[in-house]
Amino acid sequence: MGLAWYVARALPLAEYWARDGLETGGMECFLPCAPTPSPRPGREDAPLFPGYLLVRYDLEAWGSGPLRRVPGVAGLVTFDQRAPTIPDDEVQELRHRV
């Protein structure tokens, strides 16, 4: 299948930490954020989907092990032990909107 977008779960209040860890590991990720009147300390925005972020990843080639070793990442969102992909155009639309 190759690279595809997946939804990753972050540890509680660790979305920014997870994003930084994924990017440091060379993975493309997207943490949708929006301005808020009550942001987290040191931030001007807050995650649009608290506890979640998107990661572009080759699950078939790399498995889920490397993701679980990233600080702040709890794993991929799965249904019946299967991680669904998010279409590229959906991610691009979300990027455009935020």
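**Close-ups of a predicted model**

**View 1. Val98 sits in the segment that follows helix 4 (88–97).** Like every view here, this one shows a predicted model. Val98 counts as partly exposed, since its relative accessibility is 46%. Look around Val98 and you'll find its partners in a nonpolar surface patch: Leu48, Phe49 and Tyr52. Taken together, the four residues of the patch have about 350 Å² of accessible area.

**View 2. Leu31 lies in the loop that links strand 2 (28–30) to strand 3 (33–35).** Is Leu31 buried or exposed? It's buried, because its relative accessible area is just 7%, and the cut-off for buried is under 20%. Setting aside neighbours within four places in sequence, Leu31 is in contact with Glu15, Tyr16 and Arg19, and also with Pro47, Tyr52 and Leu53. One of those contacts, Tyr52, also turns up in the surface patch with Val98. For a sense of scale, pick out Gly75: it is 44 residues from Leu31 along the chain, and the two C-alpha atoms are separated by 15 Å.

**View 3. Cys29 and Cys33 are both there, but the structure holds zero disulfides.** A disulfide is a covalent bond between the sulfur atoms of two cysteines. Why don't Cys29 and Cys33 form a bond? The closest cysteine sulfur to that of Cys29 is the one in Cys33, and at 11 Å it's too far for a bond; the cut-off for a disulfide is 2.5 Å. Turn it around and the story holds: for Cys33, the closest cysteine sulfur is in Cys29, again 11 Å away. As for burial, Cys29 counts as buried because its relative accessibility is 8%. Cys33 counts as buried too, at 14%.

**View 4. The largest nonpolar core brings together 19 residues.** Which of them touch the most other members? That would be Tyr6, Leu22, Met27, Leu53, Val55, Leu67 and Leu76. The elements giving two or more residues to this core are strand 1 (4–10), helix 1 (15–24), strand 5 (52–57) and strand 6 (73–76). Strand 1 gives the most, with four residues. Leu53 is worth a second glance, as it's also on the contact list of Leu31.

**View 5. Another core, of five residues, lies apart from the largest one.** Among its members are Phe30, Leu54, Val91 and Leu94.

Terms used
Residues are numbered from 1 along each chain as its sequence is written. This is a predicted model: local features need pLDDT of at least 70, side-chain atom pairs count only at pLDDT 80 or more; totals for chains, interfaces and linings use all residues. Side-chain values use heavy atoms; hydrogens and water are left out. Patches are made of residues with over 30% relative accessible area and no salt bridge: like charges are joined within 9 Å, nonpolar side chains (Val, Leu, Ile, Met, Phe, Trp, Tyr) within 5 Å. Accessible areas come from the Shrake-Rupley method with a 1.4 Å probe; for residues, only the protein chains shown count as cover. A salt bridge is a side-chain nitrogen of Lys or Arg within 4 Å of a carboxyl oxygen of Asp or Glu. Buried means under 20% relative accessible area, exposed over 50%, partly exposed in between (1.4 Å probe, protein chains only). Contact means heavy atoms within 4.5 Å. A nonpolar core is a set of buried Ala, Val, Leu, Ile, Met, Phe, Trp, Tyr and Cys residues joined through side-chain atoms within 4.5 Å.
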